[in-house]
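Open the model in your viewer and keep the selection panel at hand. The stops below tell you what to select and what to look for.

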Amino acid sequence: MFTTLKNAFKVKEIRVKLLFTLAMLVVIRIGSQLPVPGIDSAALAKYLDPLVNAGGGAFDFFDAITGGSFTTMSIFALNINPYITSSIIIQLLTIAIPKLEELQRDGEDGRKKLTTITRYLTVGLALLQSTAMAISFASNRVIGKQWYSYAICIVALTAGSAFLMWVGEQITEHGIGNGISIVLTINIISRIPEDLKTLYDTKVAPRFDNGPATAILIILIIIAIFIGMVILVIILNDAVRNIPVQYSKNVRGRRQMGAASSSIPLKVNTSGVIPIIFAQSLLQLPIIITSFVTNGKGATGVWAEISRYMNSGNWCVFKPISELKYSVGLLVYIALVIFFAYFYTSITFNPIMVADNLKRQGGFIPGIRPGKPTSDYLNKVLNYIVFIGAVGLIIVCTLPYVFSGVFNVSVATTGTSLIIVVSVTIETIKQVESMMLVRNYKGFLEN
């Protein structure tokens, strides 16, 4: 990885893209430290502490993907969460609304229109969320009750979310990697030192009082979990099922053309980290809404029960029977990951289109007839490998809950956060390598 980056900096075109990406990351981190004007820090801490305690694991992940901006209530407190939510809504609506489905199939022009709709919906969601937060802040004296205090808070939070969406798009266009994923990654990485310190203070340091052997054992367990999950994520991202393709012979004059063989590479983890992000976003919503509505004092009724089931802090298969029922939320999480894995794959890969392209080019899969039999075969294979990829994602995400129950050890930098960081890093490095490969080919052709 470091060799690739070193070589990439030697190429001016790639170096400019890398420096642009780094500059945008600096802007993100600076913005994450700028508080919303008019916020009372002491009142904010008093207000958020019971919310975080009531929300448990949901707020931990939410604060991680915002890079700590939420608990400090910076101008990037909403971060790109409205964009992620709007993307989920638009992609789900493509199934229900024929007009959106047509736009999705219209190629580049259709995708641009869908992107524009997503942007408007993002701003609308950010405006709605910031308004709700401003009202809640005012009622708890975090901000003043004057009209301009409301306006400043709403404008700052909405503008911060819209700006981060723009930054992500600029990174995608002028930098390296997928911009939105890069923003998520840098936010999570910025929280790792604090998470490791918390982990050490709460789980490792107290064990030294009972002897260093216990503390060292816990450290080794944590390191083993971390390394094992990184390896599993790398294997999951690199796993590919190659479908062999044979091209028929064509006679042109006295020459025989074709008869070449190739393959269709189908990634096992076709949808990447999208299912994890989407599933987590949906699960956090009822918990966060309930916590804000009740100011962390505890809710009653249906919403309270839903938030308890969805709270990842209650997910453990080794708890007492009376609390075991709350692990049903873990089953909902697993079901959502599998659903979004199939759903996102169906959007990004069309077996019918691939089969038609093969037929037009004179290609066929050995033992499979061209046309509909080919698309049915591709669809069957895709269903198998998508399930395998979803199971791999689930294993990585749920292992922390299992180890938490067995060893009473909570590793903050594993699970969902680890999948996002490792996956985005691998994809970014691959993009740099492909850009260098393309440049080498261009240089060869020019010479």
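Which residues in α7 meet Gly110, Arg111, Lys113, Leu114 and Ile117 in α8? Select them: Leu100, Leu103 and Gln104. Contact here means heavy atoms within 4.5 Å. The residues of this contact divide into four nonpolar, two polar and two charged. Ala, Val, Leu, Ile, Met, Phe, Trp, Tyr, Cys and Pro count as nonpolar, Asp, Glu, Lys and Arg as charged, and the others, Gly among them, as polar.

Before moving on, note that this is a predicted model: local features need pLDDT of at least 70, side-chain atom pairs count only at pLDDT 80 or more, and totals for chains, interfaces and linings use all residues. Residues are numbered from 1 along each chain as its sequence is written, and side-chain values use heavy atoms, with hydrogens and water left out.

**Stop 1: α7 against α8**

Show α7, residues 98-105, as a cartoon with α8. Helices (H or I, at least four residues) and strands (E, at least two) are DSSP runs, numbered from the N terminus. Two packed helices are described by the angle between their axes and the distance between the axes. For α7 and α8 the angle is about 130°, and the axes are 6 Å apart. Axes are lines fitted to C-alpha atoms, for helices over the stretch in contact, and angles run from 0 to 180 degrees between N-to-C directions. The pair is therefore oblique. Angles under 35 degrees count as roughly parallel, over 145 as roughly antiparallel, 65 to 115 as roughly perpendicular and the rest as oblique. The crossing of α7 and α8 is left-handed. That means the near helix is turned anticlockwise from the far one by less than a right angle; clockwise is right-handed.

**Stop 2: α6 against α8**

Keep α8 (residues 108-139) and add α6 (residues 81-96). They pack at about 125°, with axes 8 Å apart. That makes α6 oblique to α8. Their crossing is right-handed. Select Pro82, Tyr83, Thr85, Ser86, Ser87, Ile89 and Ile90 in α6. In α8 they meet Leu114, Ile117, Thr118, Leu121, Thr122, Leu125, Ala126 and Gln129. This contact has nine nonpolar, six polar and no charged residues.

**Stop 3: the loop between α5 and α6**

Select Met73, in the loop between α5 (69-72) and α6. Its phi is near 50°, a positive value in a residue other than glycine. Met73 is buried, at 0% relative accessibility. Buried means under 20% relative accessible area, exposed over 50%, partly exposed in between (1.4 Å probe, protein chains only). Now pick Asn79, in the loop between α5 and α6. Asn79 has a phi near 55°, positive in a residue other than glycine. Asn79 counts as buried at 0% relative accessibility.

**Stop 4: α16**

Jump to α16, residues 351-360. Which of its residues are buried? Pro351, Ala355 and Leu358. Look down the axis: they fall within an arc of 60°, so they line one face of the helix. The arc is that of the directions from the helix axis to the C-beta atoms. On the other side, Ile352, Met353 and Arg360 are exposed. Just after α16, find Gly362, with a positive phi of about 75°.

**Stop 5: Val422**

Finish in α18, residues 416-446, at Val422. Val422 counts as buried, at 10% relative accessibility. Leaving out residues up to four places away in sequence, Val422 touches Val230, Val233 and Ile234. Then draw a C-alpha to C-alpha line to Thr185: Val422 and Thr185 are 237 residues apart in sequence and 8.8 Å apart in space.
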